[in-house]
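This note is meant for a colleague who is opening the structure for the first time. Please keep the view at hand while going through the points below.

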Amino acid sequence: MSFAIDAGLAKRLASLRELGRARIRPVGLEADRAGHPLPPEHPFFAELLRLGLGRTRWLGGEDTGQEEEPPQRRVGEPPASGGERDHRVGGERDHKPGPALTGVLISEELAYWDRGVAVAFPGPGLGEPPLLAMGTPAQRERFLAPFRTPNRPRWASFAMTEPGAGSDVAGIRTSARRDGNGWVLNGDKSFAANASRADWIVVWATVDPTLGRAGHRAFVVERGTPGLGDFKIEKKMGLKAYESTSFTLRDCRVPDGNLLGGEAHYAAADGRGARQAGFKGAMQSFNATRPMIGAMAVGIGRAALDTALAFAREQDRLGDPRVRDRLERIHRKLRAARLLCWRAAWLADARRGNVLEASMAKAAAPAAALEAAVLGMELIGEVGGRGDHLIEKLFRDVKAMDIVEGTGQIQRVLMARQLVGLPRD
Ligand SMILES: Cc1cc2nc3c(=O)[nH]c(=O)nc-3n(C[C@H](O)[C@H](O)[C@H](O)COP(=O)(O)OP(=O)(O)OC[C@H]3O[C@@H](n4cnc5c(N)ncnc54)[C@H](O)[C@@H]3O)c2cc1C
């Protein structure tokens, strides 16, 4: 296993760092003070498009966003909380990392500057992994091609959560009923990132709630489809820059072609495994996105640690063993969490199972990042708690990292199944 990166990616990360310093952090603070998401027409989004950002990572044709061969890279020693020096670049074994590792590295860098803004970035976002995991070539072409060289900021969204189904994804109640050559969807969704501005939303529904996971289907619901509406932006304690939105589906009719993967994908040809294709597609998406969420948590944690470290240095507190030991411990935990994220991503690029590692990364990173934010708040004290201090914002931003894409408790259940034989329910 090796995590060396090529010069191209190192350059890209360096330019994102510059963008982060100059634009992402200030725009994130602006949204936090305003208390609402950046509007879709915010000039920052058009600026990102001009920089070549806000695009799909899908290359076209049969590409599934996965590499065929395990990449060969060298291990780099992380010397600091910073990004680029953690990788060795150059030499004959200098490799272009796979899409998962690239995604993890970029996610951490962006979240270091502002995780809310990172999620607000135009692009297919969480809508992309299910398209790559389950979509037919025609569906990828139809829905992802507009994100290849977008002529305007475009977003997509992912809607699994419902008011009565969060951790228990098998319990979703949004119904999908066959009707002629299409489907009729009815239900309520909540907390879907960027949903009201999305060109399309991957909506998870069930053909029969009594079937549990086997009843799951995923549909691409396009903006403007009659019956899709009632968008409401939820209130959040942090991550204000992007919208988390509830919406409803009322007799919302979608054509056959929008059933992700087509009927064949869900056909009960080979028993239970095939019948759970919809649920498995969702889980495959999570295996791709959990290491990225972990990496984003590491990014927020590093920002908190750097803020705490700067304060301790300024106040000449580094000689105090109580302060020094806590700073060291958090440094160590963030690096360990980062390695878990990298390994989970490396396995994904190598097309090897990463369920356990994705859960480990997702469980460890938010906990370490929360510890970093708590330390920062405690160290900076009164000044930090007054509001409008970066550490206070990071403290509010970080909690959601434990919740999204499966809470810490849920990751522990998943890990216990693998490590100590906890039976499935
Ligand atoms: C900022 C933010 C962004 C989000 N973005 C999206 C998005 O884009 N798309 C989307 O579909 N969803 C999104 N979500 C929803 C998110 O996935 C859910 O909030 C999450 O899955 C938890 O569900 P819940 O909030 O309903 O909590 P619940 O499932 O009600 O859980 C409540 C508590 O009980 C614990 N718990 C539940 N079951 C178990 C168990 N079996 N064992 C042990 N403990 C358990 C949980 O860990 C939690 O602490 C987002 C949420 C947030 C906060």
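1. Which backbone N or O atom lies 3.0 Å from an oxygen atom of the ligand? In this model, which is predicted, that atom belongs to Ala 193. Taken alone, the ligand would expose 970 Å², and the protein buries 64% of that area.

2. Two side chains should be looked at together with this backbone contact. Thr 161 places a polar side-chain atom 2.6 Å from a nitrogen atom of the ligand, while a polar side-chain atom of Ser 167 is found 2.6 Å from an oxygen atom of the ligand.

3. The surroundings of the ligand comprise 20 residues, of which Thr 161, Ser 167, Phe 191, Thr 407 and Gln 409 are the closest. By character, the residues of this shell divide into 13 nonpolar, five polar and two charged. At least two residues of the shell come from each of the strands β1 (155-159) and β3 (182-193), and likewise from each of the helices α13 (400-403) and α14 (408-419).

4. Phe 191, listed among the closest residues to the ligand, deserves a second look for its backbone. This residue of strand β3 has a positive phi of about 60 degrees although it is not a glycine. Its relative accessible area is 46%, so Phe 191 is classed as partly exposed.

5. Glu 405 also has a positive phi, near 60 degrees, and is likewise a residue other than glycine. Its place is the loop between α13 and α14. Is Glu 405 buried or exposed? With a relative accessible area of 12%, Glu 405 is buried, because the cut-off for that class is under 20%.

6. Turning to the aromatic residues, the structure holds 10 aromatic pairs. One of them joins Phe 45 and Trp 155 in an edge-to-face arrangement, with 5.1 Å from centre to centre and 85 degrees between the planes. Since Phe 45 belongs to helix α2 (residues 43-50) and Trp 155 to strand β1, the pair ties together parts that lie 110 residues apart in sequence. Both Phe 45 and Trp 155 are buried, and together with Phe 44 and Phe 121 they form one aromatic cluster. Strand β1, which holds Trp 155, is also one of the elements that supply at least two residues of the shell around the ligand.

7. Rings also take part in contacts with charged side chains. The charged end of Lys 236 sits over the ring of Tyr 242, at 3.9 Å from the ring centre, and the charged end of Arg 25 sits over the ring of Tyr 112, at 5.6 Å from the centre of that ring.

8. Two further positions bring together residues that are separated along the chain. Lys 399, in the loop between α12 (390-398) and α13, counts as partly exposed at 32% relative accessibility; its C-alpha atom is separated by 9.6 Å from that of Ala 373, with the two positions 26 residues apart in numbering along the chain. Val 374, in helix α10 (residues 355-380), counts as partly exposed at 26% relative accessibility. From C-alpha to C-alpha, Val 374 and Ala 304 are 8.6 Å apart in space, although they are 70 residues apart in sequence.

Notes: Residues numbered from 1 in each chain as written. Predicted model: local features only at pLDDT ≥ 70, side-chain atom pairs only at ≥ 80, totals over all residues. Heavy atoms only, no water. Near = heavy atom within 4 Å. Polar contact = N/O pair within 3.5 Å; in protein donor to acceptor, adjacent residues only side chain to side chain. Areas by Shrake-Rupley, 256 points an atom, 1.4 Å probe, with all protein chains shown as cover. Helix = DSSP H or I, 4+ residues; strand = E, 2+ residues; numbered from the N terminus. Nonpolar A, V, L, I, M, F, W, Y, C, P; charged D, E, K, R; others polar. Phe/Tyr/Trp six-rings, centres within 6.5 Å; stacked < 30°, edge-to-face > 60°. Buried < 20%, exposed > 50% of the residue type's maximum accessible area, 1.4 Å probe, protein only. Lys NZ or Arg CZ within 6 Å of the ring centre and 35° of its normal.
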